[in-house]
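Here is a short, friendly tour of a few helices and how they pack. Please keep the sequence and the 3D view open as you read.

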Amino acid sequence: YLKALKIQEELNDVRIIPLTLTGIGNVYLTVKNSKKALEYFFNALKKFEVLHDESNMALCMYNIGSAYAEMHQDGPALEYRLKALELFERLDNKFGVMAVANAVANVYLRSRSYMKSLEYLQKSYRISKEIGSREYEALALQSMCDVYMCIARDDSSSIERGNLIPGSSKE
């Protein structure tokens with residue numbers, strides 16, 4: 001990536017440079033160097049903003065949120081994931097909305113905001129069903145179970161057993 005970036009900068013390839021910066025940021029995120037990842041993601045975001053490339057801006061904001069989440073900085077993680085979600089919704093990018101809603105739910109789960117977590121998981125679940133993403137459907141269902149387990153652990157009396165699965169009803 002770094003060699004490619006150098007050539008792209010020499011060629012002043014303004015459309016490809018931010019994509020490469022994002023790739024470098026993802027490498028740093030993968031090896032758990034979130035601070036370095038953030039440098040590249042923020043640099044890429046600035047360039048995507050100049051290009052008015054909202055789809056890649058949303059992806060970059062999601063990546064920034066992921067880096068903050070890795071560092072357990074829930075405030076900025078939530079801020080950037082919600083910004084990404086808003087952009088994906090405006091762009092009518094259902095896959096993006098589905099994936100980011102799931103990630104937003106994870107931040108709420110970690111901060112013990114269980115009802116907010118469930119709200120975003122249900123959104124992800126509904127969209128996964130709509131677009132036929134079995135992987136995200138399963139992920140949302142599993143995550144909802146995790147939330148209910150946390151609720152049960154924290155206050156077992158607060159769960160209504162008949163409503164554990166979306167679409168189920170009390171008998």
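## Helix α5

The 17 residues of α5 should span 24 Å at 1.5 Å a residue, and the end C-alpha atoms of α5 are indeed 24 Å apart, which agrees. Do keep in mind that this is a predicted model.

Which residues of α5 are buried? They are A77, L78, Y80, R81, A84, L85, L87 and F88. For their packing partners, the buried residues of α5 have α3, α4, α6 and α7. Just past the end of α5 comes D92, with a positive phi of about 55 degrees.

## Helix α7

One of the partners of α5 is α7, so let us turn there next. Helix α7 covers residues 114–131, 18 residues in total. From first C-alpha to last, α7 reaches 26 Å, close to the 26 Å expected at 1.5 Å a residue.

The buried residues of α7 are Y114, S117, L118, Y120, L121, S124, Y125, I127 and S128. An α-helix has 3.6 residues a turn, so residues three or four places apart point the same way. You can look for that spacing in the list for α7, which includes S117, L121, S124 and S128. What do the buried residues of α7 pack against? Their partners are α5 (74–90), α6 (94–110) and α8 (134–154). After α7 comes G132, and the phi of G132 is positive, near 80 degrees.

## The α3 and α4 pair

Helix α3 (residues 34–51) packs with helix α4 (residues 54–70) at an angle of about 160 degrees, and their axes lie 9 Å apart. Because angles over 145 degrees count as roughly antiparallel, α3 is roughly antiparallel to α4. The two helices cross in a left-handed sense.

On the α3 side, the contact is made by S34, L38, F41, F42, A44, L45, F48 and E49. On the α4 side, N56, M57, C60, M61, N63, I64, A67, Y68 and E70 take part. Sorted by class, this contact of α3 with α4 has twelve nonpolar, three polar and two charged residues.

## A look at T20

Finally, a single residue towards the start of the numbering: T20 sits in helix α2 (residues 17–30). Is T20 buried or exposed? With a relative accessible area of 6%, T20 is buried, because buried means under 20%. Leaving aside residues up to four places away in sequence, T20 touches Y1, L5 and Q8.

Methods:
Residues numbered from 1 in each chain as written. Predicted model: local features only at pLDDT ≥ 70, side-chain atom pairs only at ≥ 80, totals over all residues. Heavy atoms only, no water. Helix = DSSP H or I, 4+ residues; strand = E, 2+ residues; numbered from the N terminus. Expected span 1.5 Å × (residues − 1). Buried < 20%, exposed > 50% of the residue type's maximum accessible area, 1.4 Å probe, protein only. Contact = heavy atoms within 4.5 Å. Axes fitted to C-alpha atoms, helices over the stretch in contact; angles between N-to-C directions. Parallel < 35°, antiparallel > 145°, perpendicular 65-115°, else oblique. Left-handed = near helix turned anticlockwise from the far one by under 90°. Nonpolar A, V, L, I, M, F, W, Y, C, P; charged D, E, K, R; others polar.
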